[in-house]
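Trainee: I should like to learn how to read the features of a structural model, one at a time. Where may we begin?

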Amino acid sequence: QVQLVESGGGSVQAGGSLKLSCVASGSIANRCAMGWYRQAPGKEREMVSSISSDRITYEDSVSGRFPISQDNVKNSLYLQMDSLKIEDTAVYFCTADICYRGVRTRRLWGQGTDVNVSS
């Protein structure tokens with residue numbers, strides 16, 4: 001089974017930057033989208049950003065600060081995190097959606113990478 005492995009998390013001061021990377025261990029058949037989710041302590045998991053062949057979406061609080069990109073040759077997904085805020089502190093997860101006839105049938109998850117933003 002294909003695995004998603006995130007890296008790039010760490011500790012940074014508010015206003016700083018981090019770049020998250022996600023590498024799939026192999027090609028993912030019928031992959032229709034990839035994305036980033038995060039879960040802050042005591043909060044629900046939320047979508048940060050997603051990318052497909054025809055659309056890029058962002059959660060409102062990160063729009064303009066966290067550009068998402070992918071490299072299909074390298075089976076990789078990236079999240080450039082700029083102007084980080086304390087409230088961005090969370091575990092960040094990479095996802096890959098598998099679709100059949102335009103409908104998502106399965107979502108793969110990485111193990112997560114910690115991002116800690118301090119004042």
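Mentor: Let us begin with a hairpin, bearing in mind that this is a predicted model. Strand 7 and strand 8 form a hairpin with four residues between them, and N75 in the turn has a positive phi of about 50 degrees.

Trainee: How many bridges join strand 7 to strand 8, and do they run parallel or antiparallel?

Mentor: Strand 7 (residues 68-71) and strand 8 run antiparallel and are joined by four bridges. One contact to locate is that of D71, whose bridge partner in strand 8 is S76.

Trainee: What is the bridge partner of V23 in strand 8?

Mentor: In strand 8, V23 also has S76 as its bridge partner. Strand 3 (residues 18-24) pairs with strand 8 in the antiparallel sense, over six bridges. S76 is thus a bridge partner of V23 and of D71.

Trainee: How many of the six residues of strand 8 are buried?

Mentor: A residue is called buried when its relative accessible area is under 20%. In strand 8 (residues 76-81), five of the six residues are buried, so the strand is largely enclosed by the rest of the structure.

Trainee: Let us turn to the cysteines. How many disulfides does a search of the whole structure find?

Mentor: The search finds two disulfides. In one, C22 is joined to C94, with an S to S distance of 2.0 Å. The torsion about that S-S bond is about -75 degrees, so this disulfide is left-handed. C22 belongs to strand 3 and C94 to strand 9, so the pair ties together parts that are 72 residues apart in sequence. Both C22 and C94 are buried.

Trainee: Which cysteine is joined to C32?

Mentor: C32 is joined to C99, with an S to S distance of 1.9 Å. Here the torsion about the S-S bond is about 45 degrees, so the disulfide is right-handed. This pair also links distant parts of the chain, C32 being in strand 4 and C99 in strand 9, 67 residues apart. C32 is partly exposed, at a relative accessible area of 27%, whereas C99 is buried at 15%. If the bonded cysteines are numbered in sequence order, the pairing reads 1-3, 2-4.

Trainee: What is the general idea behind a salt bridge?

Mentor: Side chains of opposite charge can pair when their charged atoms come close. The structure holds six salt bridges. A useful residue to follow is R38, which forms a salt bridge with E59, the closest N and O atoms being 3.8 Å apart. That pair links distant parts of the chain: R38 lies in strand 4 (residues 31-39), while E59 lies in the loop between strand 6 (56-58) and strand 7, 21 residues apart.

Trainee: Is R38 buried or exposed?

Mentor: R38 counts as buried, at 5% relative accessibility. Its partner E59 is partly exposed, with a relative accessible area of 22%.

Trainee: Where does D88 lie, given its salt bridge with R38?

Mentor: The side chains of R38 and D88 meet at 3.0 Å, N to O. D88 lies in the loop between strand 8 and strand 9 and R38 in strand 4, so the pair ties together parts that are 50 residues apart in sequence. D88 is buried, with a relative accessible area of 1%.

Another salt bridge is formed by the side chains of D97 and R104, at 4.0 Å from N to O. In that pair D97 is buried, at 9% relative accessible area, and R104 is partly exposed, at 45%. Salt bridges that share partners also join R38, E46, E59, R65 and D88 into one network.

Trainee: Finally, how many aromatic pairs does the structure hold?

Mentor: It holds two aromatic pairs. In the pair of F93 and W109, the ring centres are 6.1 Å apart and the planes stand at 80 degrees, so the pair is edge-to-face. F93 is in strand 9 (residues 90-100) and W109 in strand 10 (residues 103-109), 16 residues apart. F93 counts as buried, at 10% relative accessibility, whereas W109 is partly exposed, at 35%. Y37, F93 and W109 form one aromatic cluster.

Trainee: Which residue lies over the face of F93?

Mentor: R45 lies there, at 4.0 Å from the ring centre of F93. Elsewhere, the charged end of K19 sits over the ring of Y78, 4.8 Å from its centre.

Definitions and conventions: Residues are numbered from 1 along each chain as its sequence is written. This is a predicted model: local features need pLDDT of at least 70, side-chain atom pairs count only at pLDDT 80 or more; totals for chains, interfaces and linings use all residues. Side-chain values use heavy atoms; hydrogens and water are left out. Rings of Phe, Tyr and Trp (its six-membered ring) pair if their centres lie within 6.5 Å; planes under 30 degrees apart count as stacked, over 60 as edge-to-face and the rest as tilted. Helices (H or I, at least four residues) and strands (E, at least two) are DSSP runs, numbered from the N terminus. Buried means under 20% relative accessible area, exposed over 50%, partly exposed in between (1.4 Å probe, protein chains only). A charge sits over a ring if NZ of Lys or CZ of Arg is within 6 Å of the ring centre and within 35 degrees of the ring normal. Two strands pair if DSSP finds at least two bridges between them. A disulfide is a pair of cysteine sulfur atoms within 2.5 Å.
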